[in-house]
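Biologist: I'd like to learn how to read a structure like this one. Could you walk me through it, a feature at a time?

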Amino acid sequence: PSVAVIIPAAGSGQRFGATTNKLFALLDGQPLWLHSVRRLRQNPMVGSIVMAVSDQDRVHFENDHAADLRTYEVQLVRGGTERSDSVQSALGYLADAKERLVAVHDAARPLIRQRDLDAVFTAANQTGAAILTVPVSGTVRRDLGERTETVDRRHLHIALTPQVFEAGLLRSAYAKHNGRPATDDAELVERCGHPVTLVCGGTDNLKITYPEDLIVAEAILRSQLA
Ligand code: CTP
Ligand code: MG
């Protein structure tokens with residue numbers, strides 16, 4: 001194994017609007033987070049898996065899913081207020097990990113395919129930093145105040161996860177993180193002057209954000225299994 005995986009799962013799922021964390025919502029009878037964990041564990045490149053969870057959810061993970069956590073060899077760590085705090089906490093746990101690369105994959109992306117994992121791991125192995133992306137599919141307009149204009153979208157991509165980095169690079173990026181908000185791990189790495197390679201992945205790697213995303217996810221899952 002050459003990739004340690006950090007799974008941020010310590011959000012609250014506000015936009016999903018359920019009474020518990022959206023990650024406990026069921027997709028084909030299993031919680032979203034477990035789909036993500038299983039797919040990562042299936043990849044032969046993956047070694048350590050560390051999942052950041054909130055204090056509030058920890059009891060539920062430990063009481064109701066201890067067997068799954070053992071089976072898939074998932075270590076729980078304490079998440080933080082922002083996603084970046086959760087990643088930082090997991091990085092701390094991985095301080096002595098021997099894997100060359102660290103991948104960060106949102107628990108809320110349960111449909112990640114093996115071929116996308118292989119592609120982004122391979123790219124990160126070569127360049128030190130690689131993330132999965134998809135091309136922007138809609139027409140994008142920029143608001144300039146007195147007028148608006150269409151943006152050329154040929155060079156625009158949407159960042160997904162996994163985001164994969166040489167372990168030392170991600171560690172120093174987080175060590176230098178001064179609290180200035182960053183939208184993802186790639187942005188922090190970039191601030192250290194290291195370029196990030198984009199790997200075009202599948203549009204089926206959906207992030208569950210709103211309740212209706214779950215309906216789409218059920219359909220994608222069926223199509224993946226077909
Ligand atoms: N996450 C985390 N720690 C936080 C916030 C988010 O580990 N403090 C995780 C979420 O659990 C999720 C991933 O980061 O797996 C992406 O975040 P998002 O989709 O925004 O999930 P939530 O923050 O839970 O949802 P919302 O923003 O609607 O509250
Ligand atoms: Mg959020």
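Biologist: Let's start with strand pairing. How many bridges join strand β6 to strand β10, and do they run parallel or antiparallel?

Modeller: Keep in mind that this is a predicted model. To read a pair, look at the bridges and at the directions of the strands. Here β6 (residues 101-104) and β10 (residues 157-166) are joined by four bridges, and they run antiparallel. For a spot to look at, find Leu 101, which stands opposite Glu 166 in β10.

Biologist: What is the order of strands in the open sheet?

Modeller: Read across the sheet, from one neighbour to the next. The open sheet has seven strands in the order β5-β4-β1-β6-β10-β7-β11, and the pairing is mixed. At the edges you find β5 (74-78) and β11 (197-200); each has a single partner strand, so one side of each is left without a neighbour in the sheet. On average, neighbouring strands here are turned by 30° against each other, ignoring direction.

Biologist: Which strands does helix α4 touch?

Modeller: Helix α4, residues 83-93, packs on the sheet and touches β1 (3-8), β4 (46-53), β5 and β6. Its direction makes about 145° with that of β1. Helix α6 (residues 167-175) also packs on the sheet, where it touches β6, β7 (129-135) and β10. The angle between the directions of α6 and β10 is about 110°.

Biologist: Now β1. Which strands does it pair with, and in what direction?

Modeller: Take its partners in turn. Five bridges join β1 to β4, and these two run parallel. With β6 there are four bridges, and that pair runs parallel too. On the β4 side, Val 3 stands opposite Val 46; on the β6 side, Ala 4 stands opposite Val 102.

Biologist: And how do I read the two faces of a strand?

Modeller: Side chains in a regular strand alternate between the two faces of the sheet. In β1, Val 3, Val 5 and Ile 7 are on one side, with Ala 4, Ile 6 and Pro 8 on the other. Both faces are covered, as all of these residues are buried. Put as a count, six of the six residues of β1 are buried.

Biologist: Is Ala 217 buried or exposed?

Modeller: Count the C-beta atoms around it; 20 or more within 10 Å makes a residue buried. Ala 217 has 22 others within 10 Å, so it is buried. You'll find Ala 217 in helix α8 (residues 211-225). Leaving out residues up to four places away in sequence, Ala 217 touches Leu 27, Pro 110, Leu 111, Leu 206 and Ile 208. Sequence distance and space distance are separate things, too: Ala 217 and Ala 25 are 192 residues apart in sequence, yet 12 Å apart from C-alpha to C-alpha.

Biologist: What about Gln 56, buried or exposed?

Modeller: Use the count again, with 12 or fewer meaning exposed. Gln 56 has 12 C-beta neighbours inside 10 Å, so it counts as exposed. This residue is in helix α2 (residues 55-64). From Gln 56 to Gln 30 is 26 residues along the chain, and their C-alpha atoms are separated by 20 Å.

Biologist: Which backbone angles should I look at?

Modeller: Try phi at Asp 28: it is positive, about 50°, although Asp 28 is not a glycine. Asp 28 lies in the loop between β2 (26-27) and β3 (30-31), and with 11 other C-beta atoms within 10 Å it is exposed. Glu 73 has a positive phi as well, near 50°. Its place is the loop between α3 (66-71) and β5. Then look at omega: a cis peptide bond joins Thr 161 and Pro 162, with omega about 5°. Pro 162 is in strand β10.

Biologist: Which residues come nearest to ligand 1?

Modeller: Of the 22 residues around ligand 1, the nearest are Pro 8, Gly 11, Gln 14, Arg 15 and Ser 86. Sorted by character, that shell has eight nonpolar, nine polar and five charged residues.

Biologist: Last one: how do I judge the chain as a whole?

Modeller: Compare it with a rule. For 226 residues, a compact globule would have a radius of gyration near 17 Å, and the chain's 17 Å agrees. Of those 226 residues, 37% count as buried. The chain holds eight helices and eleven strands.

Conventions:
Residues are numbered from 1 along each chain as its sequence is written. Chains are lettered from A and ligands numbered from 1 in the order in which they are written. This is a predicted model: local features need pLDDT of at least 70, side-chain atom pairs count only at pLDDT 80 or more; totals for chains, interfaces and linings use all residues. A residue is near a molecule or strand if its C-beta atom, placed from the backbone, lies within 6 Å of it. Ala, Val, Leu, Ile, Met, Phe, Trp, Tyr, Cys and Pro count as nonpolar, Asp, Glu, Lys and Arg as charged, and the others, Gly among them, as polar. The radius of gyration is taken over C-alpha atoms; the globule rule is 2.2 Å times the number of residues to the power 0.38. Two strands pair if DSSP finds at least two bridges between them. Axes are lines fitted to C-alpha atoms, for helices over the stretch in contact, and angles run from 0 to 180 degrees between N-to-C directions. Two residues are in contact if their C-beta atoms, placed from the backbone, lie within 7 Å.
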